Structure formats: C-alpha cells, structure tokens
Amino acid sequence: MMEQEIHIAGVVVYTQPAQLESIKSCIAEVPYAEIHAEDPHGKLIVTLETEGTKRTLDTMDAMRALPGVLDVVLVYQHTEPVSALDQEVSQ
C-alpha cells in the first residue's frame, strides 16, 4: 500500500483590485488554503496543502472561477509523504 502524500503548492492569484476583499473572503473558506501576502493592486500569495495533484488543480480552478479573479498561477509545488511532517527538523 502506498503511503499517503501531502502536496504543498504556492500560487499567485491575480484579481481585479475592486474584488480583492471578496476574493480573500472566499479563499479563506477553502480548507488548507492560506493567504500569506497581498498587494492592493490585486495580487495574493496563497499556499495550498492537499492530498494530491488533482485536488490542487481542482482548487486552483475553483479559485480561478471566482468573480474578479483574472488568473491563478502555480509558482511552487512540493510533494512528500505525510509521515515526513512528523520528523524533527535539525538546524
């Protein structure tokens, strides 16, 4: 049996500036989506944590479909076994 994976993706959400607050509210409702930064001109930096590539792409498509979203661009993607999250990180 394959070990469960976690997929971590960094995306940039480009929005119409007038819709920024509405879009932020919608993204805040998405499980395991976190807004890390915003630009008042209509750009959001968001991370997604999902159980697979398909879920990541589906979430990006759902965000892209929000009124006022111009595009959602994947800028980073990382996959690892869920068990790796329990390992202590040494410095």
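**Figure 1. A salt-bridge network joins Glu21, Lys24 and Glu38.** This close-up, like the others, shows a predicted model. Glu21, Lys24 and Glu38 are linked by salt bridges into a network. A search of the whole structure finds six salt bridges. Side chains of opposite charge can pair when their charged atoms come close. Lys24 also appears in the next view, among the buried residues of helix α1.

**Figure 2. Helix α1 has its buried residues on the same side.** Leu20, Ile23, Lys24 and Ile27 are buried in α1. They cover an arc of only 105 degrees around the axis, so they sit on the same side of the helix. What do the buried residues of α1 pack against? Their partners are the strands β1, β2, β3 and β4, and the helix α2. Strand β2 covers residues 33-39.

**Figure 3. The largest nonpolar core has 15 residues.** Val11, Val13, Ile27, Val46 and Leu48 have the most contacts inside this core. Which elements give two or more residues to the core? They are β1 (5-15), α1 (20-28), β3 (43-50), α2 and β4. In soluble globular proteins, nonpolar side chains tend to be buried together. Look next at Leu48. Leaving out residues up to four places away in sequence, Leu48 touches His7, Ile8, Ala9 and Val11. Leu48 also touches Tyr32 and Ala33. Thr56, Thr59, Met60 and Met63 complete its list of contacts.

**Figure 4. Thr56 is a buried residue of helix α2.** Helix α2 covers residues 53-64, and Thr56 lies in it. Is Thr56 buried or exposed? Thr56 counts as buried because its relative accessibility is 5%, and the cut-off for buried is under 20%. Setting aside neighbours within four places in sequence, Thr56 is in contact with His7, Ala9, Leu48 and Thr50.

**Figure 5. Salt bridges link Lys54 to Asp58 and Asp61 to Arg64 in helix α2.** Lys54 and Asp58 form a salt bridge, with their closest N and O atoms 3.0 Å apart. These two residues are four residues apart in α2, so about one helical turn separates them. Lys54 is exposed, at a relative accessible area of 61%. Asp58 counts as partly exposed, at 36%. In the salt bridge of Asp61 with Arg64, the closest N and O atoms are 2.7 Å apart. Asp61 and Arg64 are three residues apart, about one turn of the helix. An α-helix has 3.6 residues a turn, so residues three or four places apart point the same way. Asp61 is partly exposed, at 42%.

**Figure 6. Arg64 also pairs with Asp71.** Arg64 forms a salt bridge with Asp71, and the closest N and O atoms are 3.3 Å apart. Arg64 counts as partly exposed, with 31% relative accessibility. Asp71 counts as partly exposed too, at 32%.

**Figure 7. A nonpolar patch lies on the surface.** Tyr14, Leu70, Val73, Val75 and Tyr76 form the patch. Together they have about 480 Å² of accessible area. Which element gives the most to the patch? Strand β4 does, with four residues. Val73 has its place in β4 and is partly exposed, at 30% relative accessibility.

**Figure 8. Tyr76 is a partly exposed residue of strand β4.** Strand β4 covers residues 69-81. Tyr76 has 47% relative accessibility, so it counts as partly exposed. Leaving aside neighbours within four places in sequence, Tyr76 is in contact with Ile8, Ala9 and Gly10. Tyr76 and Val12 are 64 residues apart in sequence. In space, their C-alpha atoms are 9.7 Å apart.

Terms used
Residues numbered from 1 in each chain as written. Predicted model: local features only at pLDDT ≥ 70, side-chain atom pairs only at ≥ 80, totals over all residues. Heavy atoms only, no water. Buried < 20%, exposed > 50% of the residue type's maximum accessible area, 1.4 Å probe, protein only. Contact = heavy atoms within 4.5 Å. Patch = residues over 30% accessible without salt bridge, like charges linked within 9 Å, V, L, I, M, F, W, Y side chains within 5 Å. Areas by Shrake-Rupley, 256 points an atom, 1.4 Å probe, with all protein chains shown as cover. Salt bridge = Lys/Arg side-chain N within 4 Å of Asp/Glu carboxyl O. Core = buried A, V, L, I, M, F, W, Y, C linked by side-chain atoms within 4.5 Å. Arc of directions from axis to C-beta.
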